[in-house]
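Please open the model in your viewer and keep the selection panel at hand. The tour begins inside one helix and then moves outward to the partner chain and the DNA.

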There are 2 protein chains.
Amino acid sequence: MADTEIDLLRSSLDLLVLKALSWGPMHGYGISEWIEDATSSLLLLEEGTLYPALHRLERRGWLTSEWGVSDNNRRAKFYRLTTAGRARFRAQAPLWHRHAEAIAVALRRRSVQPS
Amino acid sequence: MADTEIDLLRSSLDLLVLKALSWGPMHGYGISEWIEDATSSLLLLEEGTLYPALHRLERRGWLTSEWGVSDNNRRAKFYRLTTAGRARFRAQAPLWHRHAEAIAVALRRRSVQPS
DNA sequence: TATCCTCCCTTGTGTCACAAGGGTAAGGGG
DNA sequence: CCCCTTACCCTTGTGACACAAGGGAGGATA
């Protein structure tokens, strides 16, 4: 928990990236725009966070990358989900939801005793 | 995101500790039991995580501590919310919920385009 | 007496978000 | 034609932190 911000990025970044790529290849810049847009600008993704994350995911075998040309006619590296990456997302997303829900419930408890 | 686990602890630990103390003073061991119980054992709190966190929160002025004797007649350090700690929780909890909800929505999107 | 449980803590170690830096090249306005 | 903005890529500190693995003391139970 940073001083004024909620550090939910850390637990969710990899999942959000995998999700962004679930509709097809995208370049880094596009991914960061998608995340910002899809979370109503609540999660702002620094470039120094995004690119290391992409490389990490690639290293783990969940992504592959390929140079290409963007819609704006610019050189861009397109990331694509691997089969393992797709499986990873399918496995982790429900876990994320379960955990988040459990915490949400705990944070709203009315009494110390089990509900 | 650890290899097989969801790292939601990082974003939520401080908030959960503040919540645990919202009903009155508690010692560290009791807090860890409460968190484990309140999250259906989804969040397991290592001692090497808990105690540094308590000291951190105390350093930031959200907690105070005092040695006492536990229900089991053992020496224990009781932590108590300060006014600042209570305010902190009131301010941060809604933020946590908003962020978590935004991410949950993003992870469930049916299409790339804004919903 | 031995063992378990309750309670407290510290010191590596590795991971990671972020700030701050740097670079290339396209397109458009003057 | 030059400049500025925008769109893209990246790296290197640095600090924060979760965790594993260690250690210790004292009560309770058998």
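In this predicted model, start by selecting α2(B) and showing the side chains of its buried residues, which are Ile31(B), Ser32(B), Trp34(B), Ile35(B) and Ala38(B). Looking down the helix, you will find that these residues lie on the same side of α2(B), because they span an arc of only 160° around the axis. The pattern recalls a general property of such helices: with 3.6 residues a turn, residues three or four places apart point the same way.

Next, bring up what covers that buried side, which includes α1, β1 (26–27) and α3 of chain B as well as α4 (83–108) of chain A. Before leaving the helix, step just past α2(B) to Ser40(B), where phi is positive, at about 55°.

Now select both protein chains. What operation relates them? A rotation of 180° with 0.0 Å of shift along its axis places chain B on chain A, with an RMSD of 0.0 Å, and this is the relation of a two-fold axis. The same surface serves both copies, in that 100% of the contact residues of chain B recur in chain A.

Keep the contact itself on display: 34 residues of chain B and 34 residues of chain A take part in it. On the side of chain B that touches chain A, α1 (9–20), α2 (28–38) and α4 (83–108) of chain B each contribute at least two residues, and the most come from α4(B), which gives 13 residues. Coloured by class, this side of chain B shows 20 nonpolar, seven polar and seven charged residues.

Turn then to DNA strand C and select the 24 residues around it, of which Gly48(A), His27(B), Gly28(B), Gly48(B) and Ser70(B) come nearest. The surface near strand C draws at least two residues from each of α1 (9–20) and α3 (47–59) of chain A and α2, α3 (47–59) and β3 (75–81) of chain B, with the largest share, five residues, coming from α3(A). By class, this surface has seven nonpolar, nine polar and eight charged residues.

Finish at DNA strand D, which is surrounded by 26 residues, the closest being His27(A), Gly28(A), Gly48(A), Ser70(A) and Gly48(B). Here the elements giving two or more residues are α2 (28–38), α3 and β3 (75–81) of chain A, together with α1 and α3 of chain B. The residues near strand D comprise nine nonpolar, nine polar and eight charged.

Key: Residues are numbered from 1 along each chain as its sequence is written. Chains are lettered from A and ligands numbered from 1 in the order in which they are written. This is a predicted model: local features need pLDDT of at least 70, side-chain atom pairs count only at pLDDT 80 or more; totals for chains, interfaces and linings use all residues. Copies are superposed by least squares on the C-alpha atoms of residues with pLDDT of at least 70 in both. Two residues are in contact if their C-beta atoms, placed from the backbone, lie within 7 Å. Helices (H or I, at least four residues) and strands (E, at least two) are DSSP runs, numbered from the N terminus. Ala, Val, Leu, Ile, Met, Phe, Trp, Tyr, Cys and Pro count as nonpolar, Asp, Glu, Lys and Arg as charged, and the others, Gly among them, as polar. A residue is near a molecule or strand if its C-beta atom, placed from the backbone, lies within 6 Å of it. A residue is buried if 20 or more other C-beta atoms lie within 10 Å of its own, exposed if 12 or fewer, and partly exposed in between; C-beta atoms are placed from the backbone. The arc is that of the directions from the helix axis to the C-beta atoms.
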